[in-house]
Amino acid sequence: DDEQSPTATWQAKHRELYERATRHPFILSIRDGTVDFSSFKRWLGQDYIFVREFVPFVFSVLLKSWKESEIKSDMEIIFGGAAALSDELSWFKNEASKWGVDLCGITPFTANTEYCRFLQSFTTLDINYTVAATAFWAIETVYQESFSFCIEGDHKTPTELLGTCQRWGNSDFGQYCKSLQQIADRCLKKAPADVVRMAEEVFVSVLEHEIEFWNMSSSE
Ligand code: HMH
């Protein structure tokens, strides 16, 4: 079947927005070594808050896959992602203590609060699996494409940040994102037009939220 994947079509159609999310000046500054460590620390604290909110989002996708997917492996792939979040939160705590960031004292910025509210809107039962799976794929893929760019080719990423970049930029995480893309594409190919339209809007919204999240991290 050489029918184009719906998600790949959207990545091409919204290329400009997609590049702004995956090649953001903050990411480029990590890759060329000019990143300001205070920006990195701000990103770290804010992303910890985000990931805590991401946990119920991912579990809601898991619940939808259990109810709505006829393919057993979907649940296993999503559960793998859900289970990794426990380690991820420990990683944030450990990283924060290395950088002297106090995670208890952090207030979410507006861009973060808005992104978290967006995540919460998916946990209701009336959002279907296809739309939620598309959002999940997009959220993970922006991080994968951003951080893998910082560790490939002729990069000057500071040594202190390599662990962070590898966390989302490693090839296993890349493979996991490809599995999420296959899930989303399979659902989208069978979905009615209004669901496909909604999923595309959600894809665009994820990109916009990610850009705002990077803006928030890198600005003074
Ligand atoms: C803002 N987007 C944001 N944070 C993350 N940790 C991810 C995506 C990937 O899980």
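**A tour of the ligand site**

Begin by selecting the residues around the ligand in this predicted model, which are Asp47, Phe50, Val51, Phe54, Tyr115, Ile139, Glu140, Tyr143, Trp168, Glu210 and Phe213. With this shell displayed, sort its members by character, and you will find that eight are nonpolar and three are charged, while none is polar.

Next, show the helices that carry these residues: helix H4 (37–68), helix H7 (129–149) and helix H10 (193–218) each contribute at least two residues to the shell around the ligand, and H4 gives the most, with four residues.

Now turn to the side chains that make polar contacts with the ligand. Select Asp47, where a polar side-chain atom lies 2.7 Å from a nitrogen atom of the ligand, and then Glu210, which likewise places a polar side-chain atom 2.7 Å from a ligand nitrogen atom. At Glu140 the partner is an oxygen atom of the ligand, which is 2.7 Å from an N or O atom in the side chain of that residue. If you then colour the ligand by accessible area, note that taken alone the ligand exposes 290 Å², of which the protein buries 100%. Should you also display the internal spaces of the protein, the ligand will be found in the largest cavity.

Finally, move outward from Trp168, which is one of the residues around the ligand, to the aromatic rings. The count of aromatic pairs comes to 32. One of them joins Trp91 and Trp168 in an edge-to-face arrangement, with 5.6 Å from centre to centre and 90° between the planes. This pair links distant parts of the chain, since Trp91 belongs to helix H5 (residues 72–99) and Trp168 to helix H8 (residues 159–169), 77 residues apart.

Technical notes. Residues numbered from 1 in each chain as written. Predicted model: local features only at pLDDT ≥ 70, side-chain atom pairs only at ≥ 80, totals over all residues. Heavy atoms only, no water. Near = heavy atom within 4 Å. Polar contact = N/O pair within 3.5 Å; in protein donor to acceptor, adjacent residues only side chain to side chain. Areas by Shrake-Rupley, 256 points an atom, 1.4 Å probe, with all protein chains shown as cover. 1 Å grid on protein atoms, 1.4 Å probe; cavity = no way out; pocket = protein on both sides within 12 Å on 5 of 7 lines; lining within 4 Å. Sits in = over half its atoms within 2 Å of the grid points. Nonpolar A, V, L, I, M, F, W, Y, C, P; charged D, E, K, R; others polar. Phe/Tyr/Trp six-rings, centres within 6.5 Å; stacked < 30°, edge-to-face > 60°.
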